[in-house]
Amino acid sequence: MNLETWSLTGSTFHFGEQGLGQEETRAVWSSDSLFAALVARLAVLEGAQAVKEWIQSFDAGAPSFLLTSLFPFAGEVRFFPVPLAAALPNDQPLPKEIRPKDLKRVQFVSESLYRDLLTGKSLVEIEPGTKKLHGGKLWLTQDEEKSLSNLAPKGELLKLWEIEKRPRVTVERATNSSTLFHTGAVHFAPGCGLWFGVQWQDETRKALFERLLHDLGEAGLGAERSAGYGKGKFEPKETLELPDPRGMWTTLSRYLPRPEETPAFSGERAAWKVETVGGWLDSPQKSGQRRRALNFVQEGAVLSLPAGLQPPFGRLEDARPRYKSGPEYPIEHPVYRSGLAVAVGYGGEA
């Protein structure tokens, strides 16, 4: 499979999490949020009919493209989510220098290590000689760490990002009383940022996709845009070649399985985590509405290939809220979230 890559660099971002206040932010951004942001920009620029035409191929099960989530990069080194099966000891004794919690801490590995894991190796097997960043959350090779030495202050380990809590004040209009609160902000070091991939199925809308992407960078992505967060720059990078699914596969996106895909979770080495995703929606029709919460399979899940099925896996979902009283939907237009997965072959099956 070919994966067209893009980088995102910028000043300050706020990537919120379900169930947490504004003071918390993630350092990465999810595929469903990127897709929703592109649809929102299309609606602003070209209207509802353009959105309807854009979505048709996705609803028909033949999407024009698939998106990965946005993951960290530093210099020329891209980081990928750890396939969850690779973090399991599989009843093998751990070396004395490796603790189970050390394996649980690892979130991302460099591209070269990721390709090793795709062959079926475990984190324990690739650990000797690796370097760790961000308290063991990121692993890379010694040569890769040396290539990034110019990005770190002399004598210090490189930190790709910093998360701070910025003080903010809101003023109540009636009484003029003020309330202090904090908003989480993620800052990327110079030469660092996020990257994502696009797997094209039909390139007829590629020019429109690129236009929307650049517009999104100017309009701002993530939350708290009115406070100056979110402005970024998207730039095209090289194309990656990754293995196609044969038996097992791992996902680079959040994933909403269709009913016929549930056998994928019964494989011998299957490993996954589920994340409940909610949040506020942005609609010109009615403000103050929360999206319906969806249960996504997280990036890095390792699943089997259901008999008779081939990628793309997953589905689009309308996350409009539904209430027991009043109209079924408080807003008329759909609120799309993508659970379509970029599936990468795992385990070394030819």
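This is a short talk on one tryptophan, the helix it touches, and some salt bridges in the structure above.

Okay, so keep in mind that what we're looking at is a predicted model.

Let's start with Trp54. You'll find it in helix α2, which covers residues 48-59. Is Trp54 buried or exposed? It's buried, because its relative accessible area is 1%, and the cut-off for buried is under 20%. And what does Trp54 contact, once we skip its neighbours within four places in sequence? We get Phe35, Val39, Leu42, Phe65, Arg205, Leu208, Phe209 and Leu212. One more thing on Trp54: Ser64 is 10 residues along in sequence, and the two C-alpha atoms sit 8.7 Å apart.

Now, some of those contacts take us to helix α7, residues 206-219. With 14 residues at 1.5 Å a residue, α7 should span 20 Å, and the C-alpha atoms at its ends are indeed 20 Å apart, so the two agree. Which residues of α7 are buried? That's Leu208, Phe209, Leu212, Leu213, Asp215, Leu216 and Gly217. If you're wondering about the spacing, an α-helix has 3.6 residues a turn, so residues three or four places apart point the same way. As for what covers the buried residues of α7, the list includes strands β1, β3, β11 and β12, along with helices α1 and α2. Right after α7 comes Gly220, and its phi is positive, near 105°.

On to charges. How many salt bridges does the structure hold? There are 21. One that brings us back to α7 joins the side chains of Glu46 and Arg211, at 2.5 Å from N to O. Glu46 is in helix α1 and Arg211 in helix α7, so to speak of distant parts of the chain is fair: they're 165 residues apart. Both ends are partly exposed, Glu46 at 40% relative accessibility and Arg211 at 42%.

Compare that with Glu111 and Arg78, whose side chains meet at 3.0 Å, N to O. Glu111 lies in helix α4 and Arg78 in strand β5, so this pair ties together parts that are 33 residues apart in sequence. Here Glu111 and Arg78 are both buried.

Another one is Arg320 with Asp318, where the closest N and O atoms are 2.7 Å apart. Arg320 counts as buried at 10% relative accessibility, and Asp318 does too, at 17%.

Last item: Asp32, Arg254, Glu275 and Arg337 are linked up in a salt-bridge network. That's what I've got.

Technical notes
Residues are numbered from 1 along each chain as its sequence is written. This is a predicted model: local features need pLDDT of at least 70, side-chain atom pairs count only at pLDDT 80 or more; totals for chains, interfaces and linings use all residues. Side-chain values use heavy atoms; hydrogens and water are left out. Helices (H or I, at least four residues) and strands (E, at least two) are DSSP runs, numbered from the N terminus. Buried means under 20% relative accessible area, exposed over 50%, partly exposed in between (1.4 Å probe, protein chains only). Contact means heavy atoms within 4.5 Å. The expected span of a helix is 1.5 Å times one less than its number of residues. A salt bridge is a side-chain nitrogen of Lys or Arg within 4 Å of a carboxyl oxygen of Asp or Glu.
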